[in-house]
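Welcome! Here is a short briefing to help you find your way around a new structure.

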Amino acid sequence: MRLLHTSDWHLGRSFHGVGMLDAQRAFVDQLVVRVRELSVDVVLIAGDVYDRALPGVDVVNLLDDALVRLTGAGAQVVLTSGNHDSAIRLGFASRLLEKGGVHLRTRLQELDVPVILPLRGARTDQHGEDGPVLAIYGIPWLEPRLVAEQLGVDTASHFEVTRAATERIRADVAARAESRTVHSVVLAHTFASGGISSDSERDLSIGGVGAVPLDLFDGFSYTALGHLHGRQSLSMQVRYSGSPLAYSFSEAKHQKGGWLVDVDESGVTAVEEILWDAPRKLAVLRGTLDGLLESSEHAWAEQAYCQVTLTDAQRPAQAMERLRARFPDTLVLGFEPEGAPVASGASYSSRLAKAEDDLAVCCGFLEHVRGREPDTAEQAALTAALENVRLQEASL
């Protein structure tokens, strides 16, 4: 049996104000083609299917279209909910969808209720009941404060609720394994640390999100993780597929893809990477404005989404307009001056109190908000404007 591990589709997300629905449709097109070409039996989606709890109609339609096309291509789909999803809304009509080959695992009470699939070619008795099977479990995003009591744990932490969830799954696997061979696959939307920790260090916290130790997933044939957007292997059996598209410039160097997992009577036999074509490249550029506009090495970025950091000692006038003349899809512009005079550390109000006249006040304000002094033309315009105000006041 062949599984394709994906996660973090984030349908409906935008990229710095640019809608990504067309790019997400293109990803679905690629996914359907790969399912057909590679004879994929099951597509796994490990949470964050949507980008928000209340997705728009066009976004819901895209997921509907994706599920219809994937099942039409011969694959079943198993998905669970992530922290961006509404578990209740995503899980709507789950019992009905199950009949069509779409298995939703968004409810806490279903985390130890697996999708049971017989392995192709496996030997069975005359009733077909004792052959090896694949049991796929889904652990939705577990918010500790909301699920701790239901899971019977005293401490509302990511470690404790995840441990309780995996213990329930292990108990179910053990019960089923009494009568047949069971190979278990677990989908989990969580933050997993890379190493085994002691009890006193179990509830790690990074960025406000509790990290759970890798050993919680020991014993499962394969664990398909979601939540982190970079594709990575924490062990041979525990992996993140990452998001299919880049959703921030921090992912500019990511090579997006998923994992193709082969399972037979003996268990997982192979795991290989699957790559997705990126609709647009991401460019993270840094330098002076003139240097970026003149350098031939940045020619490739003219067709990319760009994040630019200018290092000019003073902020150039009309920087964004000039950048977009060469890099039309510059989406983020920042300034980190190099070689600029060291700031005195005085507050703006204290500098304002030392201004000698109204022109100095205006020039100081422009410098404060723009990071550069007014040029000669701007000073002349300010002088004319101030003189006009004085004339108007004198006529009153």
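The notes below cover the cores, two loop residues with unusual backbone angles, and a strand-helix-strand unit.

This is a predicted model, in which local features need pLDDT of at least 70 and side-chain atom pairs count only at pLDDT 80 or more, while totals for chains, interfaces and linings use all residues. Residues are numbered from 1 along each chain as its sequence is written, and side-chain values use heavy atoms, leaving out hydrogens and water.

**The nonpolar cores**

- The largest nonpolar core has 32 residues; such a core is a set of buried Ala, Val, Leu, Ile, Met, Phe, Trp, Tyr and Cys residues joined through side-chain atoms within 4.5 Å.
- Ile 139, Leu 142, Leu 151, Val 161, Ile 169, Phe 217 and Leu 225 touch the most other members of this core.
- At least two core residues come from each of strand 8 (133-139), helix 5 (144-151), helix 6 (158-176), strand 9 (182-189) and strand 14 (238-240); helices (H or I, at least four residues) and strands (E, at least two) are DSSP runs, numbered from the N terminus.
- Helix 6 is the biggest contributor, giving six residues.
- Beyond the residues up to four places away in sequence, Phe 217 touches, among others, Thr 162, Arg 170, Ala 188, Leu 225 and Val 238 (contact means heavy atoms within 4.5 Å).
- A second, separate core holds 30 residues, including Val 32, Val 35, Val 77 and Ile 274.

**A buried loop residue**

- Leu 108 lies in the loop between strand 6 (102-105) and strand 7 (115-118).
- Leu 108 is buried, with a relative accessible area of 12%; buried means under 20%, exposed over 50% and partly exposed in between, using a 1.4 Å probe and protein chains only.
- Neighbours within four places aside, Leu 108 is in contact with Leu 142, Val 147, Gln 150 and Leu 151.
- The C-alpha atoms of Leu 108 and Val 147 are separated by 7.9 Å, although these residues are 39 apart along the chain.

**Positive phi angles**

- Most residues other than glycine have a negative phi.
- His 10, in the loop between strand 1 (2-6) and strand 2 (14-15), has a positive phi of about 50 degrees and is buried at 1% relative accessible area.
- Gln 318 also has a positive phi, near 50 degrees, but is exposed at 59%.

**A β-α-β unit**

- Gln 318 sits in the loop between strand 18 (305-310) and helix 8 (319-326).
- Strand 18, helix 8 and strand 19 make a right-handed β-α-β unit: with the strands pointing away from the viewer, the path from the first strand over the helix to the second runs clockwise.
- Strand 18 pairs with strand 19 (residues 330-335) in the parallel sense over five bridges; pairing needs at least two DSSP bridges.
- Val 308 stands opposite Leu 333 in strand 19.
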